[in-house]
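Here are my notes from going through this one, in the order I'd raise them over coffee. Have the structure open while you read.

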Amino acid sequence: MRHINIDKLTNDMVKSRKAIIICGPTCTGKSKIAINLADIFKTDIISIDSIQIYRGMNIGTDKYDTKRYNIKQYMIDIFDPDHSASVAEFRNICRDIIKNKFFLRKKVPILVGGSGLYIRGVVDDLDFVPEGNKAIRSKIGDDVKKYGLSKYYEELKKIDPLYSSKISENDERRIVRALEVYKVTGKPFSFYQNKWESRQSIYDCIFIGVKTEKSKLHESIDKRVGEMFKKGLVEEVKALADKSYGNCLSLRQAVGYKEVLEFLSGDINFEQCVKKVKSNTKKLAKKQMTWFNSDGRIKWIRTDEYSSSSELIENILILIKDYGKNGKN
């Protein structure tokens with residue numbers, strides 16, 4: 001690559017234990033970019049995707065075959081679809097991979113995906129609000145009915161003045177939840193919120209966002225969805241349903257799978273199914289952009305502004321090389 005000493009850049013990143021994050025909405029070519037970078041830096045990639053972790057969910061998640069490039073892809077096909085993987089479980093497995101498969105082997109980890117929550121879960125110093133305790137929540141709810149909500153709003157004000165100032169004194173659901181969290185953890189609810197707002201990573205991360213013009217993104221989505229159905233998306237979903245995975249959350253919530261399940265059950269016809277997958281994928285891309293736009297650490301690159309993939313990759317390498325030079329990201 002012109003103007004860039006790849007060996008020096010690689011060595012510098014290995015020494016400082018940098019991690020590259022390739023993020024952005026679906027259908028913007030993130031996987032291809034990650035594969036190109038992995039080849040250049042002689043490393044492997046980690047998929048940060050909440051659905052690609054499930055076996056058998058291949059076509060609908062657009063899993064990329066990296067083996068033909070002699071590149072390993074981690075966090076793929078870890079669980080069966082009936083396993084409900086939490087962000088914390090995903091984080092723990094992924095951090096272990098980053099440590100043992102990359103840093104200890106002097107490789108640069110390249111994380112790629114559109115799941116903003118999972119990306120932050122892996123790289124940022126976060127504390128997840130624990131799951132609810134039904135017994136404690138029920139007891140607080142009963143006490144609220146007996147003694148009135150105002151009494152417990154006043155209690156919350158003493159425990160967590162910051163969070164209580166952000167919610168209404170009549171917001172029973174949030175008041176009960178905040179008190180429940182405090183009784184379970186001993187920490188105020190605002191403690192967890194502050195962690196999320198600080199955006200402090202446990203790694204030295206380089207965040208590269210990939211996007212394209214809206215109409216071109218929609219064209220790419222329409223094309224990819226059409227290709228998925230040609231490759232056998234319906235057959236893939238039917239095979240999973242035949243294995244009793246049809247009622248699993250992984251299928252019921254994933255775009256592409258939930259619509260095909262509707263088709264297979266006779267609730268919609270095939271044309272409606274294809275149309276819904278396209279529409280819901282576009283809605284997903286919009287949600288992903290909303291999430292990523294709130295993260296000021298991301299340096300964005302527009303794929304539609306480059307005439308060739310080599311020019312695109314070179315400019316991404318320049319972004320990586322110069323990342324953080326003009327202040328902390």
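1. Secondary structure first: the chain comes to 15 helices and six strands. Keep in mind that this is a predicted model. Along the principal axes, the C-alpha atoms fill a box of roughly 70 × 55 × 35 Å.

2. On burial and contacts, 45% of the 329 residues count as buried. Taking contacts with a separation of 6 or more, 74% of them come from residues 24 or more positions apart.

3. Now the cores. The largest nonpolar core has 82 residues, and Leu 37, Phe 41 and Ile 46 are those with the most contacts inside it. Phe 41 is a good place to start looking: leaving aside neighbours within four places in sequence, its contacts are Leu 9, Thr 10, Met 13, Ile 20, Ile 110, Leu 317 and Ile 320. There is also a second, separate core of 15 residues, with Ile 140, Leu 149, Ile 175 and Ala 178 among them. As background, nonpolar side chains in soluble globular proteins tend to be buried together.

4. Have a look at H5 (residues 134-147) against H8 (residues 172-185). Their axes come within 9 Å and cross at roughly 130°. That angle is over 115 but not over 145 degrees, so the pair counts as oblique. The crossing is right-handed. On the H5 side the contact uses Ile 136, Arg 137, Ile 140 and Val 144, while H8 brings Glu 172, Val 176, Leu 179, Glu 180, Lys 183 and Val 184. By class that makes six nonpolar and four charged residues, with no polar ones. Ile 140 of H5 turns up in this contact and is also listed in the second core.

5. The other pair I'd flag is H10 (residues 214-231) with H14 (residues 270-293). Here the axes come within 10 Å and cross at roughly 135°, so these two helices are oblique to each other as well. H10 passes H14 in a right-handed crossing. From H10, the contact takes in Leu 217, His 218, Ile 221, Asp 222, Val 225 and Phe 229; from H14, it takes in Phe 270, Cys 273, Val 274, Val 277, Lys 278, Thr 281, Lys 282 and Ala 285. The class tally is nine nonpolar, two polar and three charged residues.

6. Is His 218 of that contact buried, partly exposed or exposed? Its relative accessibility is 24%, and since buried means under 20% and exposed means over 50%, His 218 counts as partly exposed. His 218 sits in H10, and its C-alpha atom is separated by 34 Å from that of Asn 92, a residue 126 positions away along the chain.

7. Last, some backbone to check. Which sign does phi take at Asp 62? It is positive, near 55°, in a residue other than glycine. Asp 62 lies in the loop between strand E2 (45-47) and strand E3 (73-74). Asp 77 likewise has a positive phi, near 55°, and belongs to the loop between E3 and helix H3 (87-103). With a relative accessible area of 33%, Asp 77 is partly exposed. For context, most residues other than glycine have a negative phi.

Technical notes:
Residues are numbered from 1 along each chain as its sequence is written. This is a predicted model: local features need pLDDT of at least 70, side-chain atom pairs count only at pLDDT 80 or more; totals for chains, interfaces and linings use all residues. Side-chain values use heavy atoms; hydrogens and water are left out. Helices (H or I, at least four residues) and strands (E, at least two) are DSSP runs, numbered from the N terminus. Buried means under 20% relative accessible area, exposed over 50%, partly exposed in between (1.4 Å probe, protein chains only). Axes are lines fitted to C-alpha atoms, for helices over the stretch in contact, and angles run from 0 to 180 degrees between N-to-C directions. Angles under 35 degrees count as roughly parallel, over 145 as roughly antiparallel, 65 to 115 as roughly perpendicular and the rest as oblique. A crossing is left-handed if the near helix is turned anticlockwise from the far one by less than a right angle, and right-handed if clockwise. Contact means heavy atoms within 4.5 Å. Ala, Val, Leu, Ile, Met, Phe, Trp, Tyr, Cys and Pro count as nonpolar, Asp, Glu, Lys and Arg as charged, and the others, Gly among them, as polar. A nonpolar core is a set of buried Ala, Val, Leu, Ile, Met, Phe, Trp, Tyr and Cys residues joined through side-chain atoms within 4.5 Å.
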